[in-house]
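Please take a moment with the sequence and the structure below before reading on.

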Amino acid sequence: MLAVDVVAFAYKFTVGEVRPSEDGRVAVVLTKDERNALLLEMRAWLENSQLILAAASRNDLGGVVKAASASGMAAEAETPASLFRKIPLEMKTLGFATRKKFDGMKPRITLITLGVDDLERSLRFYRDGLGLKSDGIVGKEYEHGAVAFFDLDGGLKLALWPRASIAHDTGLPAGAPSSTEFTLGHNVASRAQVDEVMEQAKRAGATVVKPAHETFWGGYAGYF
Ligand code: HEM
């Protein structure tokens, strides 16, 4: 009986609730409420597409992401279960692919990895010196696997990985270390806090490259 139920469910999931329509196309048989739910979703897609275009023309990437994620996979939770069951597999596939394209507009950088020469020493600086949270070095059981992760804000993580391991894994030759390829911004709420962080970094052994100062863009910042 269970097997029959499972087969019946799988059949429904694939075929949906359909019948041939008079004009040769396939009609999906829905109740009025289910049809309204589908049309409402469609209008949301159209509305969000318009919002995406408007935000893009203002060069407002945050606005693009916000409008796009409103039609992404997370919004699928709002589709009534009975409607989901009744639509045929091809339509579900097309619907999911469209949602995933909306999700594709999200920024997905969740991990920033720094190549370091001395993993233990760098871990001490970031964890004990700057106070970032870490479980220490993990992955030692793998050749070139030793790495330390730190939790940053908003789900972002920072990793420290030996430069030699990055060279090995990418197949690129290890280049000369350089301090001008990128910077990491540690944002605090006041000038006093900037001074505190600079002091904390110095105590942890950092070389202060440029003490905190008024910046050309109207802020107050320093480099270490
Ligand atoms: C970004 C892509 C899409 C946009 C902007 C969009 C927009 C719309 C709009 C505005 C309507 C009419 C809504 C109304 O009458 O209130 C509609 C209807 C419909 N759309 Fe979409 N759509 C998109 C993609 C899709 C996809 C991928 C599917 C299939 C999975 C689909 C299936 C349908 C169906 C079945 C209807 C109803 C037609 C009817 O009235 O019987 N649409 N869509």
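The paragraphs that follow go from the open sheet to a hairpin and then to the ligand.

This is a predicted model, in which local features need pLDDT of at least 70 and side-chain atom pairs count only at pLDDT 80 or more, while totals for chains, interfaces and linings use all residues. Residues are numbered from 1 along each chain as its sequence is written.

Four strands (strands being DSSP runs of E of at least two residues, and helices runs of H or I of at least four, numbered from the N terminus) make up an open sheet with mixed pairing and the order β3-β6-β5-β4; two strands pair if DSSP finds at least two bridges between them. Because β3 (111-116) and β4 (134-138) each have a single partner strand, they stand at the edges, and one side of each is left without a neighbour in the sheet. Strand β6 (residues 157-162) runs parallel to β3 and is joined to it by six bridges, and within this pairing Thr113 has Ala159 of β6 as its bridge partner.

Elsewhere, strand β7 (residues 210-214) pairs with strand β8 (residues 220-223) in the antiparallel sense over three bridges, with Glu214 standing opposite Tyr220 in β8. The two strands form a hairpin with five residues between them, and Gly218 in its turn has a positive phi of about 95°.

The ligand, finally, is surrounded by residues that include Trp45, Arg43 and Thr98 (a residue is near a molecule if its C-beta atom, placed from the backbone, lies within 6 Å of it). The elements that give two or more residues to this shell are α2 (32-57) and α5 (89-103), and α2 supplies the largest share, six residues.
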